[in-house]
Amino acid sequence: MASVATAAGGIGPKPKVGSISRDRKWALRWSYFFLVVFAIFFLTPPVYMLITSLKTSAEISAATNPWWVFNPTLENYAELLGSNQYITFFRNSALVSVIVVALTMLISVPAAFALSRMKFWGSATLASGVFLTYLVPETLLFLPLFKMMVTFTEWTGIELINHWYVLLLLYPTLTVPFCTWIMIGYFASIPKELDEAALIDGAGWLQTLLKIFIPVALPGLIAATIFAFTVSWAQFLYPLAFTTSADQLVLPVGIITSLIKGDVFNWGQIMTGALLGAAPPLIIYAFLMDYYIAGLTAGATKG
Amino acid sequence: MANVELHKVVKTYDNTPAVRGVDLHIDDKEFIVLVGPSGCGKSTTLRMIAGLEEITDGEIMIGGDVVNDVPPKDRDIAMVFQNYALYPHMTVFENMSFGLRLKRFPKAEIKRRVDEAARILDITDLLERKPKQLSGGQRQRVAMGRAIVRDPKVFLFDEPLSNLDAKLRVQMRTEIKKVHQKVRTTTVYVTHDQVEAMTLADRVVVMNNGLIEQVGEPNDLYHAPATKFVAGFIGSPAMNFVPCRLEKAGGGGLSVRLTDKIAFTVPAERTRRYEPFVGRGRLTFGLRPEHVTDARGALEKDQQKLDVTLTVTEPMGMETLVYFAIDGTELCGRVSPNAGARDGGPMTLAAHLGDMHLIDEDTGKVV
């Protein structure tokens, strides 16, 4: 920092008060300050989880420095990964999330395409309506949804409640509106001439969507995918309300119900489970970021 | 290859008329340019031919078939857009072959056509590039290539050169003309640039306010404009207009009076044509800048002297544009660079009355 300041000070006359370079320097300092504050704020919990996951139960309950591991052990990891139950939770979570992401994309991409490109009566209202449904909190929704599932079972005899696949019907109520909204935005940014060119080239609506819109709006599609996956993976309220049997639970609820016995908290394994549970979204995010190439539309039109 | 016909074509957007009854016959292999100011309905007309806009009323025929309700893909047309509209995720080859691939052409045929079009447009080296790796001129060539490979009945160009810089625009203009000479496909070209219109077109269609003002060959439009709008729109700098009166002169002739002091004798061969307008109000005298020159030596037939004080001179190299005012109306003339024109200086100019136009302001028509 000091060397930067010296170097900057050594070039040319002293900048005047309020000059652009001075403003920019201060803006940069403030950005870094807040960046550091936020980084500490958000990274403290995972770091604490990592530290705790490496401790034995005895060390966790001992009155030592909680921010230091005196006898590091992988015992929690071995135990958790060796338990069939944890693997089941993990499998359920993965199944639910992957299928929900697929369902969400299958619904919201064509919906967004229709709402952004096919002007039909009420399309603008419908587009706003889609977003408004996202604003209804899930805490309000889960009771009527529960009632619906019960009624469904009464009418058809198909048992949905307390099966992991009930979540496949529930999560899209959270993911579809938001993803549709994101995709409407991305599709709207694609120049109108591009679909007109495709139309003249002989493409139908479906071909235009599949061959032009989806590839061009890939960054948006990836953003929507990441969102849908994160929401499905981290969802807590719905699985807590709709699933109870241990073999039907997903990770967030599974960890809580199986590792908290009465008032005994198995902190080491809870932290390990949560940490391992946080890994897939991180990996997916890192993987998709490579494909998240901003400015993919460059060159489509003038510029 | 086909002719295109428009019969009383009307387009209205929410009760606002954009095109108000256009009749046009475009011959097979003809290069037609629609030109006019913004909002004159030229692009809308083109988009209706393409099928991108529905027709409110009237009839459009391509190759003898009414296409009012035919979707764009079945009209066998190709369009080049102002902003190129290339598919950004596809290479040049894929962009050009997209339409053919959709129609399931054999691979060998696709390759043959793309290679042929690339050769015509000199973009063979670019086939594997993505649009963002191309310059504006190259993108425009690719957009044209995409149209050529389809071998359509009609090419439609929607202001294709407007996004290019001045030099490239001139170059691409020639390029488009060459391509048309090679492929001879019926072409409808929209532009607001009258130079493009004049240089490219077999026939120019001047539009204004949703209506066709005049259709004709470039030289006809220039030398025999039908309306004041066409007279003023075609040509740069624009034609000079001065309110005038028509008076009887001695010997059965006529004179056109611009001010109390300035009056020109009307050429004898026009006397009959102009006679009915003698004494009528609301007439305008029109003369192009190139017909106001420096008076060198003896005046030729139908040339008359005009002494003026110049306000501004604009040396262009091969000529100098001189501006002066007659009764508050600014006029422009074109003089030789050696004529000694200078800002604020006096000058004797020659008005070539043989090229004058007389406009009846009540109808807007040239007499």
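Helix α4 of chain B (residues 136–149) lies across strands β6 and β7 (154–158) of that chain, running at about 175° to β6(B). This is a predicted model, and the packing of α4(B) is a handy way into one of its sheets. That sheet is open and built from six strands of chain B, in the order β6-β7-β8-β3-β9-β10, with mixed pairing. Its edges are β6 (77–80) and β10 (211–216) of chain B, each of which pairs on one side only. Going from one strand to the next, the twist averages 20°.

Further into the order, strands β3 (residues 31–35) and β8 (residues 186–191) of chain B run parallel and are joined by five bridges. One of the residues to look for here is B:V35, whose bridge partner in β8(B) is B:T191.

Two loops attached to this sheet hold residues with backbone angles worth a look. B:A85 sits in the loop between β6 and α2 (92–102) of chain B. Its phi is positive, about 50°, even though B:A85 is not a glycine. B:R184, in the loop between α5 (166–183) and β8 of chain B, likewise isn't a glycine and has a positive phi of about 50°. How covered are these two residues, buried or partly exposed? B:A85 has a relative accessible area of 0% and is therefore buried, the cut-off being under 20%. B:R184 comes out at 35% relative accessibility, so it counts as partly exposed.

A second open sheet in chain B has four strands in the order β2-β1-β4-β5, and here the pairing is antiparallel. The edge strands are β2 (16–26) and β5 (65–66) of chain B, each pairing on one side only. Strand β4 (residues 57–62) of chain B and β5(B) are held in antiparallel register by two bridges, and B:I62 has B:D65 as its bridge partner in β5(B). This sheet has a helix against it too: α1 (residues 42–50) of chain B lies across β1 (4–13), β2 and β4 of chain B, at about 115° to β1(B).

Elsewhere in chain B, strand β14 (residues 283–287) has five of its five residues buried, so the strand is largely enclosed by the rest of the structure. Which way do the side chains of β14(B) point? B:L283, B:F285 and B:L287 go one way, B:T284 and B:G286 go the other, and all are buried. That fits the usual pattern, since side chains in a regular strand alternate between the two faces of the sheet. As for its partners, β14(B) is joined by five bridges to strand β11 (residues 240–248) of chain B, and the two run antiparallel. In that pairing, B:P243 stands opposite B:T284. Strand β20 (residues 357–360) of chain B also pairs with β14(B) in the antiparallel sense, over four bridges, with B:L283 opposite B:D360.

Just upstream of β11(B), the loop between α8 (228–233) and β11 of chain B contains B:P237. The peptide bond from B:S236 to B:P237 is cis, with omega near -5°.

Two single residues round out the local picture. B:M198 belongs to helix α6 (residues 194–200) of chain B. Beyond its neighbours within four places in sequence, B:M198 is in contact with B:P218, B:Y222 and B:I234. B:M198 and B:L221 are 23 residues apart in sequence, and their C-alpha atoms are 9.0 Å apart. Over in chain A, A:Y238 lies in helix α13 (residues 237–242) and is buried, with a relative accessible area of 0%. Its contacts outside the neighbours within four places in sequence include A:E138, A:L141, A:F142, A:L145 and A:Y171. A:Y238 and A:E159 are 79 residues apart in sequence and 16 Å apart in space, C-alpha to C-alpha.

Stepping back to chain B as a whole, there are nine helices and 21 strands. Its C-alpha atoms fill a box of roughly 80 × 45 × 35 Å along the principal axes. Of its 367 residues, 54% count as buried. Among contacts in chain B with a separation of 6 or more, 67% come from residues 24 or more positions apart. The accessible surface of chain B is about 16,300 Å², with 47% of it belonging to carbon and sulfur atoms. Chain B has 49 positive and 50 negative charges, and the mean positions of the two sets are 4 Å apart.

Terms used. Residues numbered from 1 in each chain as written. Chains lettered and ligands numbered in written order. Predicted model: local features only at pLDDT ≥ 70, side-chain atom pairs only at ≥ 80, totals over all residues. Heavy atoms only, no water. Buried < 20%, exposed > 50% of the residue type's maximum accessible area, 1.4 Å probe, protein only. Contact = heavy atoms within 4.5 Å. Areas by Shrake-Rupley, 256 points an atom, 1.4 Å probe, with all protein chains shown as cover. Lys, Arg positive; Asp, Glu negative; His and termini not counted. Charge placed at Lys NZ, Arg CZ, Asp CG, Glu CD. Pairing = 2+ DSSP bridges. Axes fitted to C-alpha atoms, helices over the stretch in contact; angles between N-to-C directions.
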